[in-house]
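Here is a set of exercises to try with the sequence and the model open side by side. Attempt each task on your own, then read the solution step by step.

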Amino acid sequence: MKSYSFIGKWRIFLRKISYTTGAKPRKIKIEGAERANLINSDDFFKGKIEFDELTIIGGGAISLEFAVFYASFGAKITIIEANERIFANFDNSIAEAVNFVLKRNKVKIFTKIKVKKYENGQLLLEKEDEIFAHPTKNILLAIGRQPQNDGFSGLKIDLDNRGFLKTNKFMQTSVPNIYAIGDIAGQMMLSSTAYKHGDIVAKHILFGSSDEEFSAELIPWAIYSIPEIASVGKTEKQLLNLDVDFQKAKIFAKNLPRAHANGEIEAGFIELFFHSKTFEILGCNIFLEEASLLVNQIALALSQKLTIFDLQKMAYTHPSLNEAFYYLCRNITFSNLKK
């Protein structure tokens, strides 16, 4: 019978350091905001917060999730965004999905706005050189996150221009025996990212190498709105910018039997991006109930470099939302069969 001793492994760990200090909500100074109930996303986890109206500064994922959550309980929600539209850095289809969700939840959106100051229970806002007042008592700052890097400010570790730790594919910093895990690495600030960082670092420390390398394109993300929004792989914008020869296949919720059974056909879609010649799957956007689950199948397909034809060969339960991939891939497969 073979026995194992982990004493040597623990000695290895003691010679290595992993920084997992994370990130914190980014702040901006708003004159007079101390007179309002000014909060950030972390404050919601410190105690019970209730209000009947809320103004959110910032138009990203955190903004959307809090807006939908509180709007569903009847709160009057307003989002203020500096860009021309919310989710400006995402594919048009995702931005349109977000706008649908917010409109359905009666969330008011102001875009191309500068916040000037807070006075007399109002935010003074500027748009195209005109100032107007927006009454509010509660303000949520949702303008991104910044690194919590005070703990290693005295160490000579390379940082990027945002203050996050620079790492290689094994999550090693510029000091090889120091690793970064999670938000402090500044790569897709998600729990799923941190889990994958942890796998890579643990293998690298224990075995001196790792059969995994971090790739942001293989990390799926989801926004828990109703319906949910999810994506993985390269976006349509990225593929166009890289001049990749690709095609897009899209199916709408109204074409899915399960969506009809669930009573959710007003909006929703799945779109797949694939290489025009090899038919390898390159990315996916989903706006559909259970999108946070559905996207994992495409994440697996990307990690295994599967093609449209591979997905078509699978059998899918019926009726299910998952079989949307089958409908998409079946049509492409049979359209490209050689006679």
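**Exercise 1. A tryptophan and its surroundings**

Task: Is W221 buried or exposed, and which residues does W221 touch?

Solution.
Step 1. Keep in mind that this is a predicted model. Residue W221 sits in strand β13.
Step 2. The relative accessible area of W221 is 18%. Buried means under 20%, so W221 counts as buried.
Step 3. Look for contacts, skipping residues up to four places away in sequence: W221 touches F90, I94, M188, L190, I229, A230 and S231.
Step 4. Now follow the chain further. W221 and V295 are 74 residues apart along it, yet their C-alpha atoms are separated by 8.1 Å.

**Exercise 2. A phenylalanine in a loop**

Task: Where is the place of F170, and does F170 count as buried or exposed?

Solution.
Step 1. F170 belongs to the loop between β11 and β12.
Step 2. Its relative accessibility is 14%, so F170 counts as buried.
Step 3. Leaving aside neighbours within four places in sequence, the contacts of F170 are Y179, I200, V201, H204, S210, E212 and E213.
Step 4. For a distance in space, take M314: from C-alpha to C-alpha, F170 and M314 are 33 Å apart, with their positions 144 residues apart in sequence.

**Exercise 3. Checking a helix with a ruler**

Task: What span should helix α7 have at 1.5 Å a residue, and which of the α7 residues are buried?

Solution.
Step 1. Helix α7 covers residues 291-303, which makes 13 residues.
Step 2. The expected span is 1.5 Å times one less than the number of residues, so α7 should span 18 Å.
Step 3. The end C-alpha atoms of α7 are 18 Å apart, which agrees.
Step 4. The buried residues of α7 are A291, S292, L294, V295, Q297, I298, A299, A301 and L302.
Step 5. Their cover includes strands β13, β14, β16 and β17, together with helices α8 and α9.
Step 6. Just after α7 comes K305, with a positive phi of about 55°.

Try the same with α9. This helix has 12 residues and reaches 17 Å from its first C-alpha to its last, close to the 16 Å expected. Buried in α9 are A324, F325, Y327, L328, C329, I332 and T333. The buried residues of α9 pack against β15, α6, β16, β17, α7 and α8.

**Exercise 4. Finding the core**

Task: How many residues does the largest nonpolar core have, and which element gives the most to this core?

Solution.
Step 1. Start from a general idea: in soluble globular proteins, nonpolar side chains tend to be buried together.
Step 2. The largest nonpolar core has 32 residues, and I270, L272, I286, I298 and F325 have the most contacts inside it.
Step 3. Elements giving two or more residues to this core are β14, β15, β16, β17, α7, α8 and α9.
Step 4. With 7 residues, α7 gives the most.
Step 5. Zoom in on I270. Beyond its neighbours within four places in sequence, its contacts include A249, I251, I286, L294, F325 and L328.
Step 6. Another core lies apart from this one; it has 31 residues, among them L64, Y70, A97 and F269.

**Exercise 5. A look into a pocket**

Task: How much space lies in the second largest pocket, and which element supplies the largest share of its lining?

Solution.
Step 1. The space in this pocket is about 320 Å³.
Step 2. There are 13 lining residues, and K196, E212, L218, I219 and S303 are the closest to the centre.
Step 3. Both α4 and α7 supply at least two residues of the lining, and the largest share, 3 residues, comes from α7.
Step 4. Sorted by class, the lining has 5 nonpolar, 4 polar and 4 charged residues.

**Exercise 6. Unusual backbone angles**

Task: Which peptide bond leading to P227 is cis, and where does K112 lie?

Solution.
Step 1. Recall that most residues other than glycine have a negative phi, and most peptide bonds are trans.
Step 2. The bond from I226 to P227 is cis, with omega near -5°, and P227 is in the loop between β13 and β14.
Step 3. The bond from H318 to P319 is also cis; P319 is in the loop between α8 and α9.
Step 4. K112 is not a glycine, but has a positive phi of about 55°. K112 lies in the loop between β6 and β7.

Technical notes:
Residues numbered from 1 in each chain as written. Predicted model: local features only at pLDDT ≥ 70, side-chain atom pairs only at ≥ 80, totals over all residues. Heavy atoms only, no water. Helix = DSSP H or I, 4+ residues; strand = E, 2+ residues; numbered from the N terminus. Buried < 20%, exposed > 50% of the residue type's maximum accessible area, 1.4 Å probe, protein only. Contact = heavy atoms within 4.5 Å. Core = buried A, V, L, I, M, F, W, Y, C linked by side-chain atoms within 4.5 Å. 1 Å grid on protein atoms, 1.4 Å probe; cavity = no way out; pocket = protein on both sides within 12 Å on 5 of 7 lines; lining within 4 Å. Points joined across faces, edges and corners; volume = space filled by probe spheres on them. Nonpolar A, V, L, I, M, F, W, Y, C, P; charged D, E, K, R; others polar.
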